[in-house]
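Reader: I would like a close look at one part of this model. Please take me through the side chains there, with the reasoning spelled out.

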Amino acid sequence: MDFTPELTTKDWNAEWMELQKARRAADSAHHWDERAKTYHKAVLPPSPYVAEFIADAHVRPGDSVFDMGCGTGAISIPLAAEGHDVLACDFSEGMLGVLREAAASLGVDVRTKLLGWADDWAACGIAPRSYDVACASRSIATANLKEALGKLSAVARRRCAVTLPVGSSPRADAAILSAIGLQPQLGRDYVYAFMILVEMGRRPEVRYIESTRHDTFCNEEDAYASLERMVEDACRTTVPADEKQHALQNLRMWLRENLVANPDAGKKNPFGETEEAFRLKEPRKVVWAHIAWDVK
């Protein structure tokens, strides 16, 4: 399905829903269960991204926190380590399993719950106004954005916070895709979230968090397989098969120029994992829009 968002719509959620149909198949819990096996475990002290997210969310001493789409606990574990009562929710049992393992190793107490955006939260025991702060860090993956933002607002007593990518994302790196001859339609997801919140009568605040990704790989084939998934996502709906094949050939050549020996190979990264033998010449950069709003 070919769909070009105009960002001039009168119904922002309706356009968001059309955009999700055009992007790719909806994420499944099984997909993220498998991804969890390769994900970083949460660490203390938290990464610069996590520290900025928590600061911008205005989490106060003694606040309880509802963390939706918690993944492996990047937000939940640091907050719980500071003494907050945290409920970490995700629709992937694999992600929750990694979170629980990391929390136990760090001596941190985090409650977890298997929960998806599409679930009936009230029926799952999530009562209205049950947490001081409700957040979703890098985890807005839903066909109905207005409904998701409304659910977060309903859970929070005081404050909500989410992050969405600005242009490039972990799944779509504009610099790499352009270098191999593709012109991706980069998401402006944060614009939809902002406008929907305005329509809902909220006063969203926006700040930006810059983060870098230092991907490392065993060899060239490992790097190619990782970036091939990005090309497949970018080409899913609008790129002819021959053009995609040409982009994949270009990816091979691009890697020969941009995959270099990793001087930190064998060392432990900040997540406690061993660095692989190769890395990209330049780290990948992602900018996140941190959108927060008061519910009263």
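Is D215 buried or exposed? Please start there, then go on to the aromatic rings and the charges that sit over them.

Author: This is a predicted model. D215 counts as buried. Its relative accessibility is 18%, and the cut-off for buried is under 20%. D215 is placed in the loop between β6 and β7 (216-217).

Now its partners. The side chain of D215 makes a polar contact with the side chain of R284, at 3.2 Å. R284 also appears among the residues in contact with D215 once neighbours within four places in sequence are left aside. The others in that list are F278, R279 and L280.

Next, the rings. A pair of aromatic rings is described by the distance of the centres and the angle of the planes. The count comes to eight aromatic pairs. Take Y49 and F53. Their ring centres are 6.3 Å apart, which falls within the 6.5 Å limit for a pair. Their planes stand at 35°. Stacked needs under 30 degrees and edge-to-face over 60, so this pair is tilted.

Where do these two rings sit in the chain? Both belong to helix α3 (residues 48-56). They are four residues apart there, so about one helical turn separates them. Y49 is buried, because its relative accessibility is 4%. F53 is buried as well, with a value of 1%.

Compare Y190 and Y208. Their centres lie 6.3 Å from each other, and the angle between the planes is 85°. That makes the pair edge-to-face. Y190 is in helix α8 (residues 189-199), while Y208 is in strand β6 (residues 205-213). The pair therefore ties together parts that are 18 residues apart in sequence. Y190 is buried, at 18% relative accessible area. Y208 is partly exposed, at 46%. Strand β6 leads back to the start, since the loop holding D215 lies between β6 and β7.

There is also a cluster. F66, W117, W121 and Y131 form one aromatic cluster.

Last, the charges. R138 lies over the face of Y49, 3.8 Å from the ring centre. Y49 is the tilted partner of F53 described above. The charged end of R138 also sits over the ring of W288, at 5.8 Å from its centre. The limit for a charge over a ring is 6 Å from the ring centre, so both distances qualify on that count. Y49 thus has F53 as a ring partner and R138 over its face.

Notes. Residues numbered from 1 in each chain as written. Predicted model: local features only at pLDDT ≥ 70, side-chain atom pairs only at ≥ 80, totals over all residues. Heavy atoms only, no water. Phe/Tyr/Trp six-rings, centres within 6.5 Å; stacked < 30°, edge-to-face > 60°. Helix = DSSP H or I, 4+ residues; strand = E, 2+ residues; numbered from the N terminus. Buried < 20%, exposed > 50% of the residue type's maximum accessible area, 1.4 Å probe, protein only. Lys NZ or Arg CZ within 6 Å of the ring centre and 35° of its normal. Polar contact = N/O pair within 3.5 Å; in protein donor to acceptor, adjacent residues only side chain to side chain. Contact = heavy atoms within 4.5 Å.
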